[in-house]
Amino acid sequence: MISEQEILNASILIVDDQNANVMLLGEMLRGAGYQCIASTNDPFEVCALHQKNHYDLILLDLQMPGMDGFQVMEGLKTIETDGYLPVLVITAQPGHKLRALGAGAKDFVAKPFDLIEVQTRIHNMLEVRLLYKELENYNKVLEQTVLERTAELHKSEARFCRLTELSSDWYWEQDENGHFTKIFGPVFEMLGIRIGDAHGQARDDQGVSWDEPEREILEANLAARRPFLDFVYGRTSPDGSRQYLMVSGEPMFDSSGRYTGYRGIGKDVTETILASLS
């Protein structure tokens, strides 16, 4: 919410070639408690003044010599690139009201002034303008936060990948359909997966003899989407040598509990196992 004091502290520019109108509006605004009021009789100065001061509200007369209010608004559009013109037009011509709104003005007051109406329209427009700026600032902060969090996520992912490389020989992720989405290390070779298989499920033993009971336990864990930690299974190569692999894995779920895939790490622990058996 915008406080009354914030509205009274808003910056206002009065633009009118008639000094009497400038003085009348200025006295009315100061009498209502507004603190930051500027004015000019020269429409050619408006864009430069707004570029420098970024007024919250511009009270703009439409009928001025040399450059009318419509031309001023066209110039302001090059400054307010988001398309929001904080302009309340002042006109004695009823036919100009709709044209002014179509040109980008947000409201209008008619001459001769009804001071109560002018105060009400100014107050309401400033409240909307300040709310708009507050939302704009919030969106900027939110966008910056998203950028920072995204950068942190990328760094975290890089650290995770690096730690994975240090702690294991291979790492993989699968989507909910079993397709491999991330692979580090000889995953297919270690899992005995045929690389060309579309779903990554076909066995490709290439003469390797697996310990089938262990292999069935591993595949059952994967099929049931159960997490498992440091599961060791063995296989025998065609030359008769033994190899032992240790693998850990867990299913992944989104915030609604929907299964989104699997991820796991593994390493060759042959030396460790053989040393313990000797």
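Helices (H or I, at least four residues) and strands (E, at least two) are DSSP runs, and their numbers start from the N terminus. With those labels in hand, let us look around this predicted model.

**View 1. Asp68 sits in the loop between strand E3 (57-61) and helix H4.** Is Asp68 buried or partly exposed? Asp68 counts as partly exposed, because its relative accessibility is 24% and that class begins where buried, under 20%, ends. Follow the side chain of Asp68 and you arrive at the backbone nitrogen of Gln71, at 2.9 Å. Now find Pro43: 25 residues separate Pro43 from Asp68 along the chain, yet their C-alpha atoms are 7.3 Å apart.

**View 2. Helix H3 (residues 46-53) packs with helix H4 (residues 69-77).** Two packed helices are described by the angle between their axes and by the distance between those axes. Here the angle is about 35° and the axes lie 9 Å apart. The crossing of H3 past H4 is right-handed. Which residues make the contact? On H3, look for Val46, Cys47 and His50; on H4, look for Val72, Gly75 and Leu76. Sorted by kind, the residues of this contact are four nonpolar and two polar, with no charged ones.

**View 3. Asp107 belongs to strand E5 (residues 107-110).** Why does Asp107 count as buried? Its relative accessible area is 16%, and buried means under 20%. The Asp107 side chain has a polar contact with the side chain of Arg121, at 2.8 Å. Arg121 also appears among the residues in contact with Asp107 once neighbours within four places in sequence are set aside; the others are Val87, Leu88, Val89, Leu101 and Met125.

**View 4. Strands E9 (residues 228-236) and E10 (residues 242-253) pair in the antiparallel sense.** How many bridges join E9 and E10? There are seven. One pair to look for is Phe228 with its bridge partner in E10, Gly249. Five residues lie between the strands of this hairpin, where Gly240 takes a positive phi near 90°.

**View 5. Strand E10 also runs antiparallel to strand E11 (residues 259-268).** Nine bridges join E10 and E11. Gly249, the partner of Phe228 in the previous view, has Gly264 as its bridge partner in E11. E10 and E11 form a hairpin with five residues between them, and Gly257 in the turn has a positive phi of about 90°.

Conventions: Residues are numbered from 1 along each chain as its sequence is written. This is a predicted model: local features need pLDDT of at least 70, side-chain atom pairs count only at pLDDT 80 or more; totals for chains, interfaces and linings use all residues. Side-chain values use heavy atoms; hydrogens and water are left out. Axes are lines fitted to C-alpha atoms, for helices over the stretch in contact, and angles run from 0 to 180 degrees between N-to-C directions. A crossing is left-handed if the near helix is turned anticlockwise from the far one by less than a right angle, and right-handed if clockwise. Contact means heavy atoms within 4.5 Å. Ala, Val, Leu, Ile, Met, Phe, Trp, Tyr, Cys and Pro count as nonpolar, Asp, Glu, Lys and Arg as charged, and the others, Gly among them, as polar. Buried means under 20% relative accessible area, exposed over 50%, partly exposed in between (1.4 Å probe, protein chains only). A polar contact is a pair of N or O atoms within 3.5 Å; within protein, one must be able to donate a hydrogen and the other to accept it, and residues adjacent in sequence count only if both atoms are side-chain atoms. Two strands pair if DSSP finds at least two bridges between them.
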